[in-house]
Amino acid sequence: MQQVPHRNDALDSIDRRIVAELSRDGRLSVRTLAERVHISRTAAHNRVQQLQQRGVITGFGAHIDRKAIGLDISALVVVRIGEVSWESIAEKLATLPFVEKVQAVSGDIDIILTVSAPDHEQLSQAILRDIHDMPGVVSTRSHLILAEIEGHPPAQTLDIWHT
């Protein structure tokens, strides 16, 4: 289980710059990272390791274009659940084919799923057969994603969240 930093463990300005640089490009070498934040390579390496140990940096990965891998249609699926444990149904939903993300939300709905599939038929089957018919699911409402525009990943808006 990853450790969540406490408010007392607020990031200093160097850590915030490291997080911002790595959120832009997780493949930066330690040397380049050190140059960009104006610290030694050893200090950059140690700080990245500490940020990982503290649970601030949870991993490094590639951003994938869904359409480039054949997932041509995506939807947000709003799910209401009955008298079941959120954790248990979320775990089951997360294992379904084409489900990318499961999020608990507040308000009159319980869960929002991001679902991507190769075509309308497979998306419909995933929603109607796999998600809607899952025990504990009371209702679903689907919204096709027509376009997406990337915002700012965490840490790239330093002037807003620094202490």
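Arg24 counts as partly exposed, at 48% relative accessibility. In this predicted model, Arg24 forms a salt bridge with Glu21, and their closest N and O atoms are 3.5 Å apart. Both residues belong to helix 1 (residues 13-24), where a spacing of 3 residues amounts to about one turn of the helix. Glu21, by contrast, is buried, because its relative accessible area of 16% falls under the 20% cut-off.

Glu21 has another partner too: Arg36, with the closest N and O atoms 3.2 Å apart. Glu21 sits in helix 1 and Arg36 in helix 2, so this pair ties together parts that are 15 residues apart in sequence. Arg36 counts as partly exposed, at 43% relative accessibility.

As general background, side chains of opposite charge can pair when their charged atoms come close. The structure holds 8 salt bridges, and here are some of them, with their N to O distances.

| Pair | N to O distance |
|---|---|
| Arg24 and Glu21 | 3.5 Å |
| Glu21 and Arg36 | 3.2 Å |
| Arg66 and Glu148 | 2.5 Å |

What does the pair of Arg66 and Glu148 tie together? Arg66 lies in the loop between helix 3 and strand 1 (73-81), while Glu148 lies in the loop between strand 4 (137-144) and helix 6 (158-161), so the bridge links parts that are 82 residues apart in sequence. Glu148 counts as exposed, with a relative accessibility of 53%. Elsewhere, Asp12, Asp15, Arg47 and Arg54 are joined into one network by salt bridges that share partners.

Now to the helix packing. Helix 2 (residues 30-37) packs with helix 3 (residues 41-53) at an angle of about 100°, and their axes are 8 Å apart. That angle makes helix 2 roughly perpendicular to helix 3. Helix 2 brings Val30, Arg31, Leu33 and Ala34 to the contact, and helix 3 brings Arg41, Ala44, His45 and Val48. By type, the residues of this contact divide into 5 nonpolar, 1 polar and 2 charged.

The backbone has a couple of points worth a look. Most residues other than glycine have a negative phi. His38, in the loop between helix 2 and helix 3, has a positive phi near 65°. His38 counts as exposed, at 68% relative accessibility. Phe98 also has a positive phi, of about 80°, although it is not a glycine. Phe98 is found in the loop between helix 4 (86-94) and strand 2 (99-104). With a relative accessible area of 28%, Phe98 is partly exposed.

Finally, the interior. The largest nonpolar core has 19 residues, of which Val77, Val79, Leu93, Leu113, Val115 and Ile131 touch the most other members. Which elements give two or more residues to this core? They are strand 1, helix 4, strand 3 (111-117) and helix 5 (120-131). Strand 1 supplies the largest share, 5 residues.

Val79 offers a good view of these surroundings. Leaving aside its neighbours within four places in sequence, Val79 is in contact with Ile109, Asp110, Ile111, Leu113, Ile131, Val137, Ser139 and Thr140. A second, separate core has 14 residues, including Leu11, Val19, Leu33 and Val37. Leu33 also appears in the contact of helix 2 with helix 3.

Note on methods
Residues are numbered from 1 along each chain as its sequence is written. This is a predicted model: local features need pLDDT of at least 70, side-chain atom pairs count only at pLDDT 80 or more; totals for chains, interfaces and linings use all residues. Side-chain values use heavy atoms; hydrogens and water are left out. Axes are lines fitted to C-alpha atoms, for helices over the stretch in contact, and angles run from 0 to 180 degrees between N-to-C directions. Helices (H or I, at least four residues) and strands (E, at least two) are DSSP runs, numbered from the N terminus. Angles under 35 degrees count as roughly parallel, over 145 as roughly antiparallel, 65 to 115 as roughly perpendicular and the rest as oblique. Contact means heavy atoms within 4.5 Å. Ala, Val, Leu, Ile, Met, Phe, Trp, Tyr, Cys and Pro count as nonpolar, Asp, Glu, Lys and Arg as charged, and the others, Gly among them, as polar. Buried means under 20% relative accessible area, exposed over 50%, partly exposed in between (1.4 Å probe, protein chains only). A salt bridge is a side-chain nitrogen of Lys or Arg within 4 Å of a carboxyl oxygen of Asp or Glu. A nonpolar core is a set of buried Ala, Val, Leu, Ile, Met, Phe, Trp, Tyr and Cys residues joined through side-chain atoms within 4.5 Å.
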